[in-house]
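Here are my notes for a colleague who is opening this entry for the first time. Please keep the structure in view while reading.

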Amino acid sequence: MKVYSAKQVCEMLSISQSTLNRMIERGEFPDAILISKRRKGFTDKSIKKWLEERENRKNKQQEK
């Protein structure tokens with residue numbers, strides 16, 4: 001399992017840190033896991049699942 005920082009996730013998705021924070025607050029993006037007392041990260045598995053869910057939603061909307 002690979003763990004990405006918020007900065008890395010923002011770079012991968014081409015979004016700002018503020019956008020990522022808003023998405024997390026709204027429940028639109030998975031929460032980070034606690035790596036240590038002061039460090040959080042996002043697992044590759046949770047990011048992949050989120051991307052797949054978004055793709056499935058997009059495909060269902062296109063079918064309508």
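The points below go from the whole chain to the sheet and then to one residue.

1. Status of the model. This is a predicted model. Please read every value below as computed from it.

2. Overall make-up. The chain contains three helices and three strands. Read from the N terminus, the order of elements is β-α-α-β-β-α. The C-alpha trace spans about 45 × 25 × 20 Å along its principal axes.

3. Burial and surface. The chain has 64 residues, and 20% of them count as buried. Its accessible surface is about 5,400 Å². Carbon and sulfur atoms contribute 46% of that surface.

4. Contacts along the sequence. Take the contacts in the chain with a separation of 6 or more. Of these, 40% are between residues 24 or more positions apart.

5. Charge. There are 16 positive side chains and 9 negative ones. The centres of the two sets are 5 Å apart.

6. The annotated span. UniProt, in an unreviewed entry, lists residues 3-54 as "domain: Helix-turn-helix". In the model, this span is 54% helix and 21% strand. The C-alpha atoms at its two ends lie 20 Å apart.

7. The sheet. The three strands form an open sheet in the order β1-β3-β2, and the pairing is antiparallel. Why do β1 and β2 each have one side without a neighbour in the sheet? Both β1 (3-4) and β2 (33-36) stand at the edges with a single partner strand each, so one side of each stays free of a neighbour in the sheet. As general background, strands of a sheet pair through backbone hydrogen bonds.

8. The β2 and β3 pair. Strand β3 covers residues 39-43 and runs antiparallel to β2. Three bridges join the two strands. In one pairing to look at, Leu34 has Lys40 in β3 as its bridge partner.

9. Where Phe29 sits. Phe29 belongs to the loop between α2 (17-25) and β2. Is Phe29 buried or exposed? Its relative accessibility is 3%, so Phe29 counts as buried, the cut-off being under 20%.

10. What surrounds Phe29. Leaving out residues up to four places away in sequence, Phe29 touches Val9, Leu13, Leu20, Met23, Ile24, Phe42, Ile47 and Trp50. Arg39 is 10 residues from Phe29 along the chain, and their C-alpha atoms are 18 Å apart. So this loop residue is counted as buried, and its contacts include Phe42 and Trp50.

Notes:
Residues numbered from 1 in each chain as written. Predicted model: local features only at pLDDT ≥ 70, side-chain atom pairs only at ≥ 80, totals over all residues. Heavy atoms only, no water. Helix = DSSP H or I, 4+ residues; strand = E, 2+ residues; numbered from the N terminus. Buried < 20%, exposed > 50% of the residue type's maximum accessible area, 1.4 Å probe, protein only. Contact = heavy atoms within 4.5 Å. Areas by Shrake-Rupley, 256 points an atom, 1.4 Å probe, with all protein chains shown as cover. Lys, Arg positive; Asp, Glu negative; His and termini not counted. Charge placed at Lys NZ, Arg CZ, Asp CG, Glu CD. UniProt positions renumbered as here; feature names shortened; annotations may be inferred. Pairing = 2+ DSSP bridges.
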